[in-house]
Amino acid sequence: MWPANLPDFVEREADLALRNTLALPARAALYARITGAGQLEELADFYAPGDRRFFTLGGGSNLVLSGDVDGLVLHMAICGRELAGEDADAWYVRAGAGENWHDFVQWTLAQSWPGLENLALIPGTVGAAPIQNIGAYGLELAERFHALTAFDMQTGDIVRFDRTACCFGYRDSVFKHHGWHLDGRFVITDVTFRLPKAWAPLTRYADVAAELAARNIITPDARQIGDAVVAVRRRKLPDPAQIPNTGSFFHNPVVEAAIAERLLASHPGLPHYPQPDGRLKLAAGWLIEQAGWKGRDLGPVGMYEKQALVLVNRGGATGADVVALMKAVQRDVAEKFGVELTPEPVFL
Ligand code: EPU
């Protein structure tokens with residue numbers, strides 16, 4: 001199925017265990033570390049949708065590997081970061097898809113370009129960030145996004161996606177649909193952010209506000225907010241280098257107002273957040289905790305003791321163990337609350 005004349009930079013039978021933050025064992029039949037768009041051009045000749053499988057890997061921090069990957073894994077390692085432009089209202093900052101997200105955020109803050117501080121310490125790469133529209137502490141990537149460049153493996157074209165074209169939603173974008181991400185068709189090569197000069201601190205989120213108050217900071221600058229966010233995340237979320245995980249394992253479910261009202265009548269403590277369309281977002285972590293899964297294991301995997309929304313690998317887990325726990329949690333939350341939880345990571 002794969003021709004013999006693949007470029008030299010394509011490795012065979014590559015180990016992916018260290019390349020996914022859940023540390024699941026898996027091998028890729030073919031693997032290529034991509035450091036420039038020229039390599040994608042070479043590989044485009046071999047792209048055949050539905051026939052040969054391509055998959056793009058960033059930091060592997062939002063990925064569940066169910067088993068070996070019978071295809072070509074493109075590991076994005078395109079580097080570089082620069083001020084791409086500036087006007088009266090904003091700085092436009094561009095970074096290569098392979099840049100580490102947190103390092104990039106820290107770099108923008110060191111240059112005195114505020115705006116990404118609430119998204120500090122999110123695991124993963126710059127190129128993966130728009131795919132699931134990363135968000136935390138009252139800010140989503142979409143609010144700071146300007147445009148991205150992607151290489152179309154099917155046509156060989158370089159395509160620009162602006163904010164409208166990305167169709168951002170809650171942990172969602174156009175790249176999660178049409179199979180574009182899973183079949184590796186559009187490979188994001190760089191992302192440009194728009195950082196408004198009229199900066200205002202976003203400190204509504206209770207955990208961040210409490211952390212700033214504890215530090216006696218009343219009018220924080222962007223770096224101080226970034227530091228507070230890092231402290232809150234370190235306290236609540238496990239470091240994947242020590243306890244393998246993919247961050248939040250489920251989306252916070254968004255339900256019709258009538259369903260939320262029924263649940264709130266019997267569970268007044270249920271955290272809920274009104275959405276612009278009148279529906280309500282519920283806290284999945286709370287539902288999972290109430291269903292008895294906080295700090296509980298099933299085999300070698302479990303729901304984290306300090307944040308029930310995070311699934312952790314206690315050591316030696318496989319993709320099948322992750323799926324078994326996911327189904328058990330979904331079943332118990334559905335039985336107790338009638339709410340369906342959908343997983344956040346991509347399954348491969
Ligand atoms: N809660 C519980 N028990 C738990 C966890 C949470 O009762 O075990 C309650 C909390 O007390 C709080 C509410 O649920 O009232 C929300 O919890 P938290 O503030 O920790 O945030 P989250 O909704 O669980 C979301 C994002 C996180 C992001 C935080 C902070 C999703 C799926 N998750 O979590 O994003 O860091 O808000 O903004 O939207 C990620 O996507 O990987 C991620 C970590």
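How many salt bridges does the rule (a side-chain nitrogen of Lys or Arg within 4 Å of a carboxyl oxygen of Asp or Glu) count? The count comes to 14 salt bridges. The structure is a predicted model, in which local features need pLDDT of at least 70 and side-chain atom pairs count only at pLDDT 80 or more, while totals for chains, interfaces and linings use all residues. Residues are numbered from 1 along each chain as its sequence is written, and side-chain values use heavy atoms, with hydrogens and water left out.

A salt bridge joins the side chains of Glu-13 and Arg-27, at 3.4 Å from N to O. Distant parts of the chain are thereby linked, 14 residues apart: Glu-13 belongs to strand E1 (residues 10–15) and Arg-27 to strand E2 (residues 27–34). Strands are DSSP runs of E with at least two residues, and helices are runs of H or I with at least four.

The structure contains 1 cavity of 30 Å³ or more, a cavity being a set of points on a 1 Å grid where a 1.4 Å probe fits but cannot get out. The largest cavity encloses about 350 Å³. Its lining comprises 27 residues (each with an atom within 4 Å of a point), and Gly-58, Thr-125, Ala-128, Ile-131 and His-181 lie nearest its centre.

Notes: On a 1 Å grid over the protein atoms alone, a cavity is a set of points where a 1.4 Å probe fits but cannot get out, and a pocket is an open set with protein on both sides within 12 Å along at least five of seven lines; lining residues have an atom within 4 Å of a point. Grid points are joined across faces, edges and corners, and a volume is the space filled by probe spheres set on the points.
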